[in-house]
Amino acid sequence: MATTTWAPTSTPATRRRWTFLVSDARRVDLPDGRFDQVLIFGLLHHLPDADVRVVLSEAHRLLVPGGRILAIEDIPAISKLNLIGHLIHNIENGEYIRPPGEYRRLYTEKTTVEREEVLQSGICDYYAAVMVK
Ligand SMILES: C[S@@+](CC[C@H](N)C(=O)[O-])C[C@H]1O[C@@H](n2cnc3c(N)ncnc32)[C@H](O)[C@@H]1O
């Protein structure tokens, strides 16, 4: 399903059209090289390696040469004292929460990781990586 709407902060002078497309990330019905950047947030930790490869391959296809993917994904809670973080990951259905190295291994099969960072939010911890096509 695709729908076109207006950015909520737009004014008549700055108004730009935004299109929101609801789609399976493994198969996005848009032409190659359509985007400069792709954001993947909190998706890959729900997917097995085979599907992660398909999603990354699709993101790669949609990017222009030199385009970038920013992926921010849950990692196991770093601190043993972060009881809420451990609890959330036990009850939340992130069946494929990986340590950073496992995400990096998947990412570098098809892209170069330009920058990476572990983010400790206080509850959930994340691995953020910028990949370049
Ligand atoms: C943890 S939520 C994160 C949602 C959002 N990115 C956020 O940060 O609020 C994971 C989302 O991934 C979606 N999802 C799972 N498999 C998907 C797929 N193959 N294609 C697109 N979305 C998918 C689920 O429907 C769910 O909304």
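Which residue in E6 stands opposite Val-118? I looked this up to open the notebook, and the partner is Tyr-127. A reminder to myself before going on: this is a predicted model.

**Entry 1: overall layout**

I went through the elements and found three helices and six strands in the protein. Read from the N terminus, they run β-β-β-α-β-α-α-β-β. I then checked burial, and 20% of the 133 residues count as buried. For contacts with a separation of 6 or more, I noted that 62% come from residues 24 or more positions apart.

**Entry 2: the sheet**

Next I followed the strand order. Four strands make an open sheet, E3-E4-E6-E5, with mixed pairing. Its edges are strand E3 (35-41) and strand E5 (112-120), and each of them pairs on one side only. I also looked up the angle between neighbouring strands here, which is 10° on average with direction ignored. A background note for my own use: strands of a sheet pair through backbone hydrogen bonds, either parallel or antiparallel.

**Entry 3: around E6**

E6 has a partner in E5, and I found the two paired in the antiparallel sense over eight bridges. They form a hairpin with four residues between them. In the turn I stopped at Gly-122, where phi is positive at about 110°.

E4 also runs antiparallel to E6, and eight bridges join the two. I picked out Ile-69, whose bridge partner in E6 is Met-131.

Which side chains of E6 point to the face where they are buried? I listed Asp-125, Tyr-127, Ala-129 and Met-131. Tyr-126, Ala-128, Val-130 and Val-132 point to the other face and are not buried. So that I have the bridge partners in one place: Tyr-127 is the residue opposite Val-118, and Met-131 is the one paired with Ile-69.

I then looked for a helix over these strands. H3 lies across E4, E5 and E6, and it runs at about 20° to E6.

**Entry 4: the nonpolar core**

The largest nonpolar core has 16 residues, and I checked which of them touch the most other members: they are Ala-59 and Ala-129. Helix H1 (49-62), strand E4 (63-75), helix H3 (100-107) and strand E6 (125-132) each supply at least two residues of this core. Leaving out residues up to four places away in sequence, I found Ala-59 touching Val-38, Ile-40 and Ile-69. Ala-129 is one of the buried side chains I listed for E6. A general note in the margin: in soluble globular proteins, nonpolar side chains tend to be buried together.

**Entry 5: the ligand shell and Asp-51**

Which residues are around the ligand? I wrote down Asp-24, Ala-25, Arg-26, Phe-41, Gly-42, Leu-43 and His-46. By type, this shell divides into three nonpolar, two polar and two charged residues.

From Arg-26 I went on to Asp-51, which is found in helix H1. The two are 25 residues apart in sequence, and their C-alpha atoms are 7.2 Å apart in space. Is Asp-51 buried or partly exposed? I counted it as partly exposed, because it has 16 C-beta neighbours inside 10 Å, and being buried takes 20 or more.

Terms used:
Residues are numbered from 1 along each chain as its sequence is written. This is a predicted model: local features need pLDDT of at least 70, side-chain atom pairs count only at pLDDT 80 or more; totals for chains, interfaces and linings use all residues. A nonpolar core is a set of buried Ala, Val, Leu, Ile, Met, Phe, Trp, Tyr and Cys residues joined through C-beta atoms within 7 Å. A residue is buried if 20 or more other C-beta atoms lie within 10 Å of its own, exposed if 12 or fewer, and partly exposed in between; C-beta atoms are placed from the backbone. Two residues are in contact if their C-beta atoms, placed from the backbone, lie within 7 Å. A residue is near a molecule or strand if its C-beta atom, placed from the backbone, lies within 6 Å of it. Ala, Val, Leu, Ile, Met, Phe, Trp, Tyr, Cys and Pro count as nonpolar, Asp, Glu, Lys and Arg as charged, and the others, Gly among them, as polar. Two strands pair if DSSP finds at least two bridges between them. Axes are lines fitted to C-alpha atoms, for helices over the stretch in contact, and angles run from 0 to 180 degrees between N-to-C directions.
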